[in-house]
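Me: I'm new to this one and would like to learn how to read it. Could you walk me through it, feature by feature?

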Amino acid sequence: MASATDFNEESTDQTGRVTLKTVGLGVLGWLVGYLISCISSILFFIIGHISPAKPASATVMWITAIYGIVFAVIGAVVGANFCRRFALGIGAAIALTIGAVALWSWYSTPDHAHSTQSIAILLMAPAAQFGALFRRLDY
């Protein structure tokens, strides 16, 4: 069974170029990391019977923020494990995806409350980048 360091050693050919395997691992890391954050957020609202379209109390906003930050970091750490050499890039891709989806949601629902989108843009996206940084430094 190959370890994470085996993947990193095999990720470049003899000339130092990035191989297709490395690109594939990076894309897979981004996708898995983002899906961990996205699906956990959807489940949070479904299981908690919380409507992201309606204004929330301060307590619900705090719980939403903490939950979102935790799963953004978990998603980034898991995603960055796919290719630790490009962990920062994977974290940036996850963070940009979280921010872009939140901006799209904000734009497409102008009459809804935007607290969840604000949390995603201001807290979850930077947390995802931090999670990848944590993974990159953890050798």
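Reply: Happy to. Keep in mind that this is a predicted model. A good place to begin is burial: of the 139 residues in the chain, 35% are buried.

Me: What is the secondary structure of the chain, in helices and strands?

Reply: There are 5 helices and 0 strands. Reading from the N terminus, the elements go α-α-α-α-α.

Me: Let's try a single residue. Is Thr 109 buried or exposed?

Reply: The general idea is a cut-off: under 20% relative accessible area is buried, and over 50% is exposed. Thr 109 has a relative accessible area of 18%, so this residue is buried. Thr 109 belongs to the loop between H4 and H5. In space, Thr 109 lies 8.3 Å from Ala 53, C-alpha to C-alpha, although 56 residues separate the two in sequence.

Me: And Pro 55, buried or exposed?

Reply: With a relative accessible area of 75%, Pro 55 is exposed, because the value is over 50%. You'll find Pro 55 in the loop between helix H2 (20-47) and helix H3 (58-81). Here too, sequence and space tell separate stories: Pro 55 and Ser 115 are 60 residues apart along the chain, yet their C-alpha atoms are 7.4 Å apart.

Me: How do I read a phi angle, say that of His 49?

Reply: Look at the sign. Most residues other than glycine have a negative phi. His 49 has a phi near 50°, a positive value in a residue that is not glycine. His 49 sits in the loop between H2 and H3. As for exposure, His 49 counts as exposed, because its relative accessibility is 74%.

Me: Which residues make the nonpolar surface patch?

Reply: Leu 31, Leu 35, Ile 39, Ile 42, Leu 43, Ile 46 and Ile 47 make it, and the patch covers about 640 Å². Take Ile 47 as an example: this residue is found in helix H2, and its relative accessible area of 63% makes it exposed.

Me: Now for empty space. How many cavities of 30 Å³ or more does the structure hold?

Reply: The idea first: rolling a probe the size of a water molecule over the atoms shows where empty space is left. In this structure, there is 1 cavity of 30 Å³ or more. The largest cavity has about 60 Å³ of space. Its lining includes Phe 45, Pro 52, Val 60, Met 61, Ser 115 and Ile 119. H3 and helix H5 (115-137) are the elements that give two or more residues to that lining.

Me: What classes of residue line the largest cavity?

Reply: The lining has 7 nonpolar, 4 polar and 1 charged residues.

Me: What volume does the largest pocket have?

Reply: About 510 Å³. The pocket is lined by 25 residues, and those closest to its centre are Ser 41, Phe 45, Val 101, Thr 116 and Ala 120. Two or more lining residues come from each of H2, H3, helix H4 (87-108) and H5.

Me: Which element gives the most to that lining?

Reply: H2 does, with 7 residues. By class, the largest pocket is lined by 16 nonpolar and 9 polar residues, with no charged residues. The lining of the largest cavity, by contrast, has 1 charged residue.

Terms used
Residues numbered from 1 in each chain as written. Predicted model: local features only at pLDDT ≥ 70, side-chain atom pairs only at ≥ 80, totals over all residues. Heavy atoms only, no water. Helix = DSSP H or I, 4+ residues; strand = E, 2+ residues; numbered from the N terminus. Buried < 20%, exposed > 50% of the residue type's maximum accessible area, 1.4 Å probe, protein only. Patch = residues over 30% accessible without salt bridge, like charges linked within 9 Å, V, L, I, M, F, W, Y side chains within 5 Å. Areas by Shrake-Rupley, 256 points an atom, 1.4 Å probe, with all protein chains shown as cover. Salt bridge = Lys/Arg side-chain N within 4 Å of Asp/Glu carboxyl O. 1 Å grid on protein atoms, 1.4 Å probe; cavity = no way out; pocket = protein on both sides within 12 Å on 5 of 7 lines; lining within 4 Å. Points joined across faces, edges and corners; volume = space filled by probe spheres on them. Nonpolar A, V, L, I, M, F, W, Y, C, P; charged D, E, K, R; others polar.
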